[in-house]
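User: I'd like to learn how to read a structure like this one, feature by feature. Could you walk me through it?

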Amino acid sequence: MRNQKGFTLIELIIVIVVLGILAVTAAPQFINFSSDARTSTVKGLKGAVQGASQTVFGKAAIEGQLGATGTVGSIDTVYGYPAATDEDTNGLAEIAEAANLSSADWVSFINDTAGKVYFGPADLIESPTGAGDFTDVNSTTSGDQGCFVSYTNAVDADTPPVINSATNGC
């Protein structure tokens, strides 16, 4: 009888298929999910800001503080909604304070002249003054880039604040 050496073609194909299945099931363990996590964090932040804004507005309506300026608790308001300015010494905008955002977790860039605040996860921003990922925050296209939430004050009693998020740079 002849001595056989090596594997048959079928054995090799089976091994390749098994290795392919293992690679497909193991690959997600090695893929970086941090971008998806940052995107979800910013979307959650937007929801928290929207909820806080509506909560403060409801309390302002009850207390009759729906004028151009007002105060609900320690939160300064503009037409009943939290202001996008920082009147306190804590370094957070009034809306960030209303949403109970910690300055350790979130950083903000407050543009008082425009009545707008940008904020995002602290690990995404190089510095609040440098506005790291707040790409060109003063331009009209800033919502197209970056990884942040922007909040613009209400402009009158009939218009709520504008809350947008940018996740393209996450």
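User: Let's start with strand 6. Which of its residues point one way and which the other way, and are they buried or exposed?

Analyst: Happy to help, and please keep in mind that this is a predicted model. The general idea first: side chains in a regular strand alternate between the two faces of the sheet. In strand 6, F148, S150 and T152 point one way, V149 and Y151 point the other way, and all are buried. Put as a count, five of the five residues in strand 6 are buried.

User: Which strand does strand 6 pair with, and in what sense?

Analyst: The partner is strand 7, and the two pair in the antiparallel sense over five bridges. To find one of these positions, look at F148, which stands opposite A166 in strand 7.

User: What is found in the loop between strand 6 and strand 7?

Analyst: N153 is found there, in the loop that runs between strand 6 (148–152) and strand 7 (162–166).

User: Is N153 buried or exposed?

Analyst: Here a cut-off helps: a residue is called buried under 20% relative accessible area. N153 has 14%, so it counts as buried.

User: What is N153 in contact with, beyond its neighbours within four places in sequence?

Analyst: Its contacts are V78, P82, A83, A84, G115 and P161. For A84 there is a polar detail too: a polar atom of the N153 side chain lies 2.7 Å from the backbone nitrogen of A84.

User: V78 and P82 make me curious about the earlier strands. How many bridges join strand 1 to strand 2?

Analyst: Three bridges join strand 1 (residues 70–72) to strand 2 (residues 75–78), and these strands run antiparallel. One pair to look for is G70 with its bridge partner T77 in strand 2. The hairpin has two residues between the strands, and G73 takes a positive phi near 65°.

User: And how do strand 2 and strand 3 pair?

Analyst: They also pair in the antiparallel sense, over two bridges, with strand 3 covering residues 81–82. T77 stands opposite P82 in strand 3. This hairpin also has two residues between the strands, and Y79 takes a positive phi near 55°.

User: Stepping back, how many helices and strands are there in the protein chain?

Analyst: Three helices and seven strands. From the N terminus on, the order is α-α-β-β-β-α-β-β-β-β. Of the 170 residues in the protein chain, 34% are buried. Its accessible surface comes to about 10,100 Å², with 56% belonging to carbon and sulfur atoms.

Technical notes:
Residues numbered from 1 in each chain as written. Predicted model: local features only at pLDDT ≥ 70, side-chain atom pairs only at ≥ 80, totals over all residues. Heavy atoms only, no water. Helix = DSSP H or I, 4+ residues; strand = E, 2+ residues; numbered from the N terminus. Buried < 20%, exposed > 50% of the residue type's maximum accessible area, 1.4 Å probe, protein only. Polar contact = N/O pair within 3.5 Å; in protein donor to acceptor, adjacent residues only side chain to side chain. Contact = heavy atoms within 4.5 Å. Areas by Shrake-Rupley, 256 points an atom, 1.4 Å probe, with all protein chains shown as cover. Pairing = 2+ DSSP bridges.
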